[in-house]
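Hello,

I am passing a structure on to you, and I hope you enjoy looking through it. Below it you will find some notes to read with the model open.

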Amino acid sequence: MKIRRNILLNPGPATTTHSVKMAQVVPDICPREKEFGDLMEWVSRELTKIVANPKKYTTVLFGGSGTAVVESVISSVVPHDKTVLIVNNGAYGKRMCQIAQAYDMNYIEFQSSPIKPINLKKLKKIIKQNKNISHLAVIHNETTTGLLNNLDDLGNIAKKYNLEFIVDAMSSYAAIPIDMKKQNIHYLMASSNKNIQGMAGVGFVIANTKSIEKLKDIKPRNFYLNLFAQYENFIKSHQMRFTPPVQTLYALKQAIIEAKKEGIENRYKRYSKSWKVLTNFLKENNLKYLVDDKYHTKIITSIFIPEGVDFNDMHDYFFKKGFTIYPGKVADFNTFRVANIGEIDYKDMKEFLKLLKGYINGKI
């Protein structure tokens with residue numbers, strides 16, 4: 001089967017291999033069969049291994065987007081009489097606040113720059129002033145701009161003040177090295193369609209087993225997204241409580257196999273090489289981007305749109321050429337975003353930049 005290859009420069013879903021696409025073409029199977037339960041158990045264990053020891057951590061699978069599992073964690077793990085401190089330095093930190101607000105939860109929003117590191121002194125001051133805080137929540141790679149938040153520092157703060165640490169690692173998991181034990185992470189959320197390079201449709205939570213076991217004492221705020229109920233059911237039966245995205249999970253299994261073959265460190269090196277090609281081009285052509293290199297994830301770059309260039313027109317031009325770019329999400333800056341994740345490499349980036357140079361030169 002011949003399938004057109006598109007170069008997705010949006011931050012997920014990412015470009016996939018032909019073998020991941022074709023892994024979805026399987027005989028129909030009832031997801032309650034043991035064979036499929038065994039597949040989900042394998043997927044769960046292998047996803048855990050990327051960042052933690054499966055003997056002490058576990059992965060809970062959901063059918064849903066990345067936001068679904070962020071909502072699951074935020075709404076499930078914070079006791080009703082406690083407060084979650086949420087770092088907001090971009091659209092996805094803001095989304096955590098919106099979730100907490102929707103559930104009428106106790107939360108404190110710590111606003112921080114979307115392009116500069118978190119002020120840790122101010123963060124610690126907030127924690128000291130609010131003794132009711134039980135959890136600290138942060139985005140690892142703030143996909144709004146490409147800012148990398150330092151999990152070592154934040155994990156140490158959480159440990160010092162006896163807080164459980166929640167990390168949205170949607171666009172860093174399976175690329176940027178993460179060690180949940182070393183970085184004191186209790187709950188980590190990611191999805192099937194970014195750096196793991198699977199298809200969209202599976203969100204997952206990797207959790208400290210001791211932490212997740214304590215959730216049975218918290219009155220549920222929700223039903224489908226209740227984290228403990230999903231965990232408990234999976235432990236008993238290797239099944240999701242409700243119908244899983246069957247073909248997507250077969251694709252995720254294949255994606256995990258390919259990620260293990262490439263190696264997570266090698267994958268990040270491949271991504272970083274594409275990022276270096278991109279940023280070198282931007283510097284050489286006097287195009288500015290938001291985050292300084294020393295704070296950058298090397299995964300997604302938010303680039304200023306030159307005067308005289310319309311994003312929608314530029315998007316449509318590249319889309320016809322087989323490249324997809326993404327709009328910016330920082331209100332104060334007129335930007336577009338280019339991600340370098342998925343099954344692409346520096347040669348694809350060079351081809352895109354050749355087209356970009358020609359397009360901009362023709363517009364300004």
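Since loops are placed here by the elements on either side, a word on naming helps: helices and strands are DSSP runs, with at least four residues for a helix (H or I) and at least two for a strand (E), and they are numbered from the N terminus. With that naming, His-238 sits in the loop that runs between helix 8 (227-237) and helix 9 (246-262). Please keep in mind that this is a predicted model.

Let me stay with His-238 for a moment. Its phi is near 55°, which is a positive value in a residue other than glycine. Is His-238 buried, partly exposed or exposed? With a relative accessible area of 29%, His-238 is partly exposed, because the range for that class lies between 20% and 50%.

Gln-197 makes a good companion to look at next. Phi of Gln-197 is near 70°, again a positive value in a residue other than glycine. You will find Gln-197 in the loop between strand 9 (187-191) and strand 10 (202-208). Its relative accessibility is 3%, so Gln-197 counts as buried.

Now to the start of the chain. The loop between strand 1 (7-8) and helix 1 (18-22) holds Asn-10, and Pro-13 is found in the loop between strand 1 and helix 1 as well. The peptide bond leading from Gly-12 to Pro-13 is cis, with omega near -5°. Asn-10 and Pro-13 are also linked by a polar contact: a polar atom of the Asn-10 side chain lies 3.0 Å from the backbone oxygen of Pro-13. Asn-10 has a relative accessibility of 7% and therefore counts as buried.

Which residues does Asn-10 touch, leaving aside those up to four places away in sequence? They are Thr-324, Tyr-326 and Ala-339. Another pair to look at is Asn-10 and Phe-336: 326 residues separate them along the chain, while their C-alpha atoms are 9.9 Å apart.

Thr-144 is another loop residue, placed between strand 6 (141-142) and strand 7 (147-148). It is buried, with a relative accessible area of 1%. What does the side chain of Thr-144 reach at 2.8 Å? The partner is the backbone nitrogen of Ala-91. The Thr-144 side chain also makes a polar contact with the side chain of Glu-142, at 2.5 Å. Not counting residues up to four places away in sequence, Thr-144 touches Gly-90, Ala-91, Tyr-92, Ser-302, Lys-329, Val-330 and Arg-337.

The rest of my notes are about helix pairs.

Helix 3 (residues 66-77) packs with helix 4 (residues 91-102) at an angle of about 55°, and their axes are 10 Å apart. That angle makes helix 3 oblique to helix 4. The crossing of this pair is right-handed. On the helix 3 side, Thr-67, Val-70, Glu-71 and Ile-74 take part, and they meet Arg-95, Met-96, Ile-99 and Ala-100 of helix 4. By class, the residues of this contact are five nonpolar, one polar and two charged.

Next come helix 5 (residues 120-129) and helix 6 (residues 151-160), which pack at an angle of about 20° with their axes 11 Å apart. Why is helix 5 called roughly parallel to helix 6? The angle between the two makes it so, because angles under 35 degrees count as roughly parallel. Helix 5 and helix 6 have a right-handed crossing. In helix 5, Leu-120, Leu-123, Lys-124 and Ile-127 meet Asp-153, Leu-154 and Ile-157 in helix 6. This contact has five nonpolar, no polar and two charged residues.

Finally, helix 11 (residues 311-320) and helix 12 (residues 346-363) pack at an angle of about 140°, with axes 11 Å apart. Helix 11 is therefore oblique to helix 12, and the two make a right-handed crossing. Asp-313, Met-314, Tyr-317 and Phe-318 of helix 11 form the contact with Phe-352, Leu-355, Leu-356, Tyr-359 and Lys-363 of helix 12. These residues divide into seven nonpolar, no polar and two charged.

Happy exploring, and best wishes!

Notes. Residues are numbered from 1 along each chain as its sequence is written. This is a predicted model: local features need pLDDT of at least 70, side-chain atom pairs count only at pLDDT 80 or more; totals for chains, interfaces and linings use all residues. Side-chain values use heavy atoms; hydrogens and water are left out. Axes are lines fitted to C-alpha atoms, for helices over the stretch in contact, and angles run from 0 to 180 degrees between N-to-C directions. Angles under 35 degrees count as roughly parallel, over 145 as roughly antiparallel, 65 to 115 as roughly perpendicular and the rest as oblique. A crossing is left-handed if the near helix is turned anticlockwise from the far one by less than a right angle, and right-handed if clockwise. Contact means heavy atoms within 4.5 Å. Ala, Val, Leu, Ile, Met, Phe, Trp, Tyr, Cys and Pro count as nonpolar, Asp, Glu, Lys and Arg as charged, and the others, Gly among them, as polar. Buried means under 20% relative accessible area, exposed over 50%, partly exposed in between (1.4 Å probe, protein chains only). A polar contact is a pair of N or O atoms within 3.5 Å; within protein, one must be able to donate a hydrogen and the other to accept it, and residues adjacent in sequence count only if both atoms are side-chain atoms.
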